[in-house]
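User: I am new to this structure and would like a close look at a single part of it. Please take me slowly through the helix packing around the start of the chain and through the nonpolar core there.

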Amino acid sequence: MWNAAVAGTDFYHIINWFFIYSFLGWVWESAYVSIKENRLVNRGFVTGPLCTIYGCGAVAVYLILRPVSENLLLLFLGGIAVPTILEYLTAVLMEYIFHTSWWDYSKNKFNFQGRICLGASLGWGVFTVILFYVLQPFVEWIVSLYPEAVGRVMVCIAGALYLVDFGISFANAMQIGRKLRGMDEVMDEVYEYVQSTRLYESVEELRGRLASYRLSEYGMELKNRLENRVNAVIAFASELTPEERKSRQEAWKAQIEERILSVQKRYEQLKGHGNIFIRRAMNAYPNMKSRAQALKERTARRLDKKSKKQ
């Protein structure tokens with residue numbers, strides 16, 4: 001098994017490189033996010049000090065692009081393409097399996113579906129050049145420091161611990177998907193009440209807002225509920241004098257604000273509920289959202305772009 005070769009490299013070295021790159025990726029990712037967030041963050045899918053996507057990505061990029069390593073331009077372009085494809089496929093796969101979007105580039109320019117973006121892809125290209133000329137010689141030097149017999153034992157121990165950690169993280173990631181869907185339902189309820197409060201201003205504005213809403217992005221059930229409420233408010237407001245309307249609006253706002261606080265409290269309880277592994281993952285990926293919410297936001301962005309072009 002140890003001597004089995006992939007792209008001219010034996011399995012022993014591949015698996016050693018994987019663990020070293022996963023650890024280096026965890027150090028980089030955790031340090032970068034901790035500085036950015038101004039708090040300690042244990043980044044990565046698993047709980048231990050490993051970022052699997054960095055280990056898999058670095059080894060895959062090295063094995064695939066090694067034939068063009070002498071050509072700096074091809075290496076850079078390949079370093080853009082290969083990691084970007086891996087990142088996109090990982091995002092799609094994780095969304096499909098866990099019904100959860102773990103990262104989101106939607107706020108970055110030139111992004112695609114929020115899963116990849118030009119800035120990150122260019123960064124991967126630079127990282128690939130650094131990998132070949134700096135990191136790979138360093139990683140190979142580390143592996144050469146210990147005998148192969150010792151390396152095999154260390155890899156077996158690390159592999160066993162990693163599989164246990166991965167199994168626990170996988171099970172918890174499935175729970176996170178269900179948890180986020182519950183949080184979405186709460187936020188939809190908040191949205192409905194907030195919109196009801198904001199809409200209760202004037203008959204003319206109500207009609208204008210109803211005509212301009214792109215409610216399809218929120219699903220048919222919520223769309224129908226909102227439309228029915230808006231129409232009821234329009235009919236009711238038409239029968240009131242401005243003074244009566246203002247008085248009832250203030251009373252309604254107070255009632256709805258109380259309801260919103262109650263719903264938001266339930267949201268925070270859902271957010272904080274779960275074992276230490278779930279809380280660790282949600283703390284490490286604060287922009288994590290359900291797959292349904294991610295799809296909803298992508299639809300909204302497409303509609304916005306379409307309306308701007310028109």
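Analyst: What follows looks at how two pairs of helices meet, and then at the core they share in.

The model is a predicted one, and a good place to begin is the pair formed by helix α1, residues 11-37, and helix α2, residues 52-65, whose axes come within 7 Å and cross at roughly 125 degrees. Angles from 65 to 115 degrees count as roughly perpendicular and those over 145 as roughly antiparallel, and α1 and α2 are therefore oblique to each other. The crossing of these two helices is right-handed. On the α1 side, the residues that take part are Ile14, Trp17, Phe18, Tyr21, Ser22, Gly25, Trp28 and Glu29, and they meet Thr52, Tyr54, Gly55, Cys56, Ala58, Val59, Tyr62 and Leu63 of α2. Sorted by class, the residues of this contact comprise eleven nonpolar, four polar and one charged.

Helix α2 also packs against α4, residues 118-144, and here the axes come within 11 Å and cross at roughly 90 degrees. The two helices α2 and α4 are therefore roughly perpendicular to each other. From α2 the contact draws on Tyr54, Ala58, Val61, Tyr62 and Leu65, while α4 contributes Trp124, Thr128, Leu131, Phe132, Gln136 and Glu140. In this contact of α2 with α4, eight residues are nonpolar, two are polar and one is charged.

One residue that helps to tie this picture together is tryptophan 17, which, once its neighbours within four places in sequence are left aside, is in contact with Thr9, Val59, Tyr62, Gln136, Val139, Glu140 and Val143. Val59 and Tyr62 are among the α2 residues that meet α1, and Gln136 and Glu140 are among the α4 residues that meet α2.

Tryptophan 17 also belongs to the largest nonpolar core, which has 44 residues, and is listed among those with the most contacts inside it, together with Phe19, Tyr21, Phe45, Val59, Trp102 and Phe132. The elements that give two or more residues to this core are α1, α2, α3 (72-98), α4, α5 (148-199) and α9 (276-284), and the largest share, eight residues, comes from α1. As a general background, nonpolar side chains in soluble globular proteins tend to be buried together.

Terms used:
Residues are numbered from 1 along each chain as its sequence is written. This is a predicted model: local features need pLDDT of at least 70, side-chain atom pairs count only at pLDDT 80 or more; totals for chains, interfaces and linings use all residues. Side-chain values use heavy atoms; hydrogens and water are left out. Axes are lines fitted to C-alpha atoms, for helices over the stretch in contact, and angles run from 0 to 180 degrees between N-to-C directions. Helices (H or I, at least four residues) and strands (E, at least two) are DSSP runs, numbered from the N terminus. Angles under 35 degrees count as roughly parallel, over 145 as roughly antiparallel, 65 to 115 as roughly perpendicular and the rest as oblique. A crossing is left-handed if the near helix is turned anticlockwise from the far one by less than a right angle, and right-handed if clockwise. Contact means heavy atoms within 4.5 Å. Ala, Val, Leu, Ile, Met, Phe, Trp, Tyr, Cys and Pro count as nonpolar, Asp, Glu, Lys and Arg as charged, and the others, Gly among them, as polar. A nonpolar core is a set of buried Ala, Val, Leu, Ile, Met, Phe, Trp, Tyr and Cys residues joined through side-chain atoms within 4.5 Å. Buried means under 20% relative accessible area, exposed over 50%, partly exposed in between (1.4 Å probe, protein chains only).
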